[in-house]
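The report that follows should be read beside the sequence and the structure.

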Amino acid sequence: MGPSKNNRTISQEAFEGLVKENMEDLGMDPDEALQDAIETLTLQGVNLSGIVTCIPGSINDNPVIQCLDRLRDIDLKMKYQEDDDDLSKAGYDEMGEILVKLKDMCSTEGSGNATIAVKNGGLDLVVLICSKIQIRHEHCLVSALNALSSLIYDPSCTEIFRTNGGVKIVMNIMNDGGQNVSILNSAFSVVAAASTGNEVVKESFMELKIDEFLVKILSENSKYSIPSAYDAIRILLTPDDGRVVASQVYGYARKFAEVGIAGVLVDSLHEGFSSPNLLSACIALKAVAVNDEICRSIADNGGINATFQCIEDSGEQNNKAVAKACCSLMSKLAGSDANKSAIVHMGGMDKLIKLSSRFSDDPLVLQEVMSIICVLCLRSPENAARAIEAGVGDFAIQSMQKFPAAQQMQKQSCLMIRNLVARNPENRTILLANGIEKIIRKAKENHVSCKAAATDALRDLGLDNYNS
């Protein structure tokens, strides 16, 4: 939906002027003149995103432009109808319908409608509309928020949102409508969209204490599904703005932890598959777990037990998405040395091998299992010995043989094998006797991305020709 990578741009007026020249100077019929203009500009590398490619004078026939024009008309008329409840309600009803239509058009992948809307002032307009709609007009407000999130697709849009006061407007809406799950879900979608790739917007939301607000809302609405709230947490804690040298999101994660987000998210995990927010909560919790202290805090709140329960349930439910997300979270939690011991003492190795047998047909799940074991065995010969006892060696060999084309899984297996043998000579003997050298060399030969990891694994297996 966003603009193309072409840097050259053209205005709507200049585009229509070129079509007009084709018609008047070259005698082309309207359709031919339009097509020629599009082809010529495309060949010249001109970015036509946001341009309504139409015959001069017919731009208002475009459905996106029609929606924006009608929204402006309604907004203007409603200024003089505020004291008339019936007229006001009719205006909000129609506005809501148009906003739904606009959102649907701008959400259509590859349509370019969002770009057209933004280039013609649609984002500024919808932010303004959101600032005016009262909470009691729930349907219209939800429609406006949904339309707003569909219009924010890149950093330039997040800047338009910010400079129009969007951060404060959305926070005010959430504070006023905190008891309405529909409004909250739509508003948090805007938070997630507007914070993506924009460090300043993240900072602005944090300055307005969105961390405290999120903890409060998720605590009070644990029985309801507000998936976008978890998305907002994840985005706020993701360092995705390439324009800044040092992101502040790790500091934000600490602030989230200080106000109790770990306990709230772990509670969602404890509910297991009965919670509609399980997957979202798992992904959000991983974003929060940025340091040893927070990882231990999550464990203190029962996070390891809850994650293992979800891992076991995901196997029984054959839910690969939850299995991958929970394993990815466990890898983060295992980064704390204190948590490593707890995970192993809970029978973690056996549980992970059991999960790998349930999802033996999915290299992505196997890769996540390997990642956990790799972390657990790092600088821990006791854990490495326990892993081999649990059957991790056989697991590595069988997986690498079964999925030779799975590059990332092959690499992760090499990393895991290295940690299994680095401080455990007895593990080297076992794995070499089972033919691991040939398998690793094959991965090294077939995949450039595996070369370094495979070389390190061969070296720590004690092989002299590890670099060949």
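## E32 and its surroundings

E32 has a relative accessibility of 44% and therefore counts as partly exposed, a class that lies between buried, under 20% relative accessible area, and exposed, over 50% (1.4 Å probe, protein chains only). E32 belongs to helix α2 (residues 30-43), where helices are DSSP runs of H or I with at least four residues, numbered from the N terminus. Between E32 and V19 the C-alpha to C-alpha distance is 9.1 Å, and the two are 13 residues apart in sequence.

## Basis of the model

This is a predicted model, in which local features need pLDDT of at least 70 and side-chain atom pairs count only at pLDDT 80 or more, while totals for chains, interfaces and linings use all residues. Residues are numbered from 1 along each chain as its sequence is written, and side-chain values use heavy atoms, with hydrogens and water left out.

## N22 in helix α1

N22, found in helix α1 (residues 12-25), is buried, with a relative accessible area of 5%. Its side chain makes a polar contact with the side chain of D36 at 3.1 Å, a polar contact being a pair of N or O atoms within 3.5 Å, of which, within protein, one must be able to donate a hydrogen and the other to accept it, and residues adjacent in sequence count only if both atoms are side-chain atoms. Leaving aside residues up to four places away in sequence, N22 touches G27, M28, A33, D36 and A37, contact meaning heavy atoms within 4.5 Å.

## Nonpolar cores

The largest nonpolar core (buried Ala, Val, Leu, Ile, Met, Phe, Trp, Tyr and Cys residues joined through side-chain atoms within 4.5 Å) has 148 residues, and those with the most contacts inside it are F161, M174, F188, I233 and I373. Helix α22 (residues 363-377) gives the most to this core, with nine residues. A second, separate core of eleven residues includes I10, M28, L34 and I51.

Notes. Helix = DSSP H or I, 4+ residues; strand = E, 2+ residues; numbered from the N terminus.
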